[in-house]
Protein chains: 2
Amino acid sequence: MIPFTLQATDADSGARAGTFQTDHGAVNTPVFMPVGTYGAVKTVTPEEVETAGGRIILGNTYHLYLRPGLEVIRHAGGLHEFMGWNNALLTDSGGFQVFSLAKLNNITDAGVTFQSHIDGSRHYFDPRQSMQIQRILGSDIMMAFDECPPYPAERAYAEEAMQRTHRWAEQCLEYTAAEGPIYGHTQYLFGIVQGSTFPDLRRMSAAHLTSLGFDGYAIGGVAVGEPKQELRQMTALTASLLPEEQPRYLMGVGKPADIVESIAAGVDMFDCVIPTRNARNGLVYTPDGRLPVRNATSADDHTPIDPDCTCYTCRHFTRAYLRHLLNVNEILGHRLATLHNLQFFLDLAGAARAAILESRFGAWKTEFLRRYRENGE
Amino acid sequence: MIPFTLQATDADSGARAGTFQTDHGAVNTPVFMPVGTYGAVKTVTPEEVETAGGRIILGNTYHLYLRPGLEVIRHAGGLHEFMGWNNALLTDSGGFQVFSLAKLNNITDAGVTFQSHIDGSRHYFDPRQSMQIQRILGSDIMMAFDECPPYPAERAYAEEAMQRTHRWAEQCLEYTAAEGPIYGHTQYLFGIVQGSTFPDLRRMSAAHLTSLGFDGYAIGGVAVGEPKQELRQMTALTASLLPEEQPRYLMGVGKPADIVESIAAGVDMFDCVIPTRNARNGLVYTPDGRLPVRNATSADDHTPIDPDCTCYTCRHFTRAYLRHLLNVNEILGHRLATLHNLQFFLDLAGAARAAILESRFGAWKTEFLRRYRENGE
């Protein structure tokens, strides 16, 4: 069981502040985990992520398996060594990308045959293979191999995928129990609750997975295109079904308001590509909502994105300079926008944590959501 | 006259070690100046350039005039402020880009009408306009507006362009004498010797320009496609015609071996896009020549680009990681390769300087060129 201590729980919501421990450092929750798909958080160095306050990042099993491949990463001594990141790492199971990105050839109860989206080469993932890859990557937290149905899903398919996910979850536990870690540090294993948008399936899935005994639990199958209300309802329902004393991870979420609402529902961990992806598209985050900094209104604006932000970008550069860099397609513009957006998301989780610890989470949440407007979202 | 002191001159060549002073700091020579076309050295921050040892960078008048435009930069308080660079800045005259990049509409003895390579908009540059733009940019060293003939050039055209360059040089001096700097700090003005590959024109040009009295002198019209021998001969000839007590700047050069040979010819200052451009193409520099780090030979090589290099990249990352990043088109790969190549070029000038100061330049040069092989170049 991953060491996880709760320091405070909000009296009026499910929000909680905790800390889990890995062999690559402690992680305070609620936490936002920047996504480092290919062993790099896009445009920034590990040092910059750490300076912004990042203590855990996510690597993508599917992508890293394809490129650079397992042999290179094993020879490097694992993903931490390969990418120069000495804090915690979480890897996904590869399932989501296999089902959403690759060309699927065959799904059976045993596993999935697929073709790479890069070169069409043929590969096979099953629970054993997903665990084996994640052992070689050497992540501190591994995710059980799962099937994530798209939205909307027929009930029959959602149930079938959930049942498969449950069997695969058991196999992942068996495999990791039999095979120790490669590099000496402990690798924890989280289970993933599925069930699409069907409350009874979500209950069934949470009950089954928690009975198996994972180190933590993820809420999967959300943020796949469903309306915001369904996302929030499924998150709140599932979070309420998970053990109090273990970390809860909402996969692929998300927008600032969704993160805040999900913290209120009792979620501890988040990951999403939107701060980094939107940065490269010139969308930067402020307490008053998103700012399309490439617009002409920023062209002659010699103030920072957010005067209260402590990020490198806001301490050194203006909206006018950032707008110019993005306008002439300078990579430095992508970097500076990324640094700012990462800071915004890391600080958002940090501010929620501080509010929970100081018993003012409800007021903080109200004020944040009042001020933050994202085109009505 | 720009304050310039010579600390040492090589007994067996023209090589010299000096220091010139600007209101944005002292610059030791020989010096390599990274190119920051649009107000950013591509992919890196001003802080990273400084950490690598950069004390002067080059901005492009033509590009910055078009984007973001003069009004924005003037409102920012000049280019130093706009881009957050507190060391010295040199701006070119815009002439080279007007003649090589824009669509030329009309060249007269008064100036040049051209169309932007971005949107086809029509503009007019003359000596007064070039100086006015460079005043607004606020560079510490401005370059006189010149006409750089392509290679090969007919003698008649080379002479005509040279004569025009001479008249324009006088107008640049008159204009800057009449109009002081905008932001308070001193702006020096360098003249540019032209004359293509014709030794007598080079002599005529050097004689005329030095009679006018600039703060320093550039060797223009080289590195425009001529054979290496012509580049080196014109550089050596022109450098020998320039005043001992003032800085000599070889524009747009160049390859490491050309830099070393030009230092031996008495050149003090260099700029070139090749370290940054080649970095983005996956070509990194080592004392043993260029390494195409994207090649498969680097895929499983867990050593730095150069174990003796002090750059951020070599201290933290391996060839295998850099190759992977470039292979999956991660911007971080472009950054890390750029940081390394900048360090290589800055260190190259620094090593030459140290050798001159320690009276061992000849031996250093021989050893550098023996070890460094660039596909036979």
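This is a short talk on how two chains of a predicted model fit together, and on one helix in chain A.

Hi everyone! Residues are numbered from 1 along each chain as its sequence is written, while chains are lettered from A and ligands numbered from 1 in the order in which they are written. Because the model is predicted, local features need pLDDT of at least 70 and side-chain atom pairs count only at pLDDT 80 or more, while totals for chains, interfaces and linings use all residues.

Let's start with the pair. A rotation of 180° with 0.0 Å of shift along its axis puts chain A onto chain B, with an RMSD of 0.0 Å; the fit is by least squares on the C-alpha atoms of residues with pLDDT of at least 70 in both copies. The two copies are thus related as by a two-fold rotation axis. In chain A, the C-alpha nearest that axis belongs to A:I331, 3.7 Å away.

Now, helix α13 of chain A, residues 319–327 (helices are DSSP runs of H or I, at least four residues, numbered from the N terminus). How many of its 9 residues are buried? The count is 8, where buried means that 20 or more other C-beta atoms, placed from the backbone, lie within 10 Å of the residue's own. Among them are A:Y321 and A:L325. The cover includes α12 and α14 of chain A, together with α3 and α4 of chain B. Just after this helix, A:N329 takes a positive phi of about 65°.

One last stop: A:T43 also has a positive phi, near 80°, and is not a glycine. A:T43 is buried, with 25 other C-beta atoms within 10 Å. Thanks for listening!

Methods: A residue is buried if 20 or more other C-beta atoms lie within 10 Å of its own, exposed if 12 or fewer, and partly exposed in between; C-beta atoms are placed from the backbone. Helices (H or I, at least four residues) and strands (E, at least two) are DSSP runs, numbered from the N terminus. Two residues are in contact if their C-beta atoms, placed from the backbone, lie within 7 Å.
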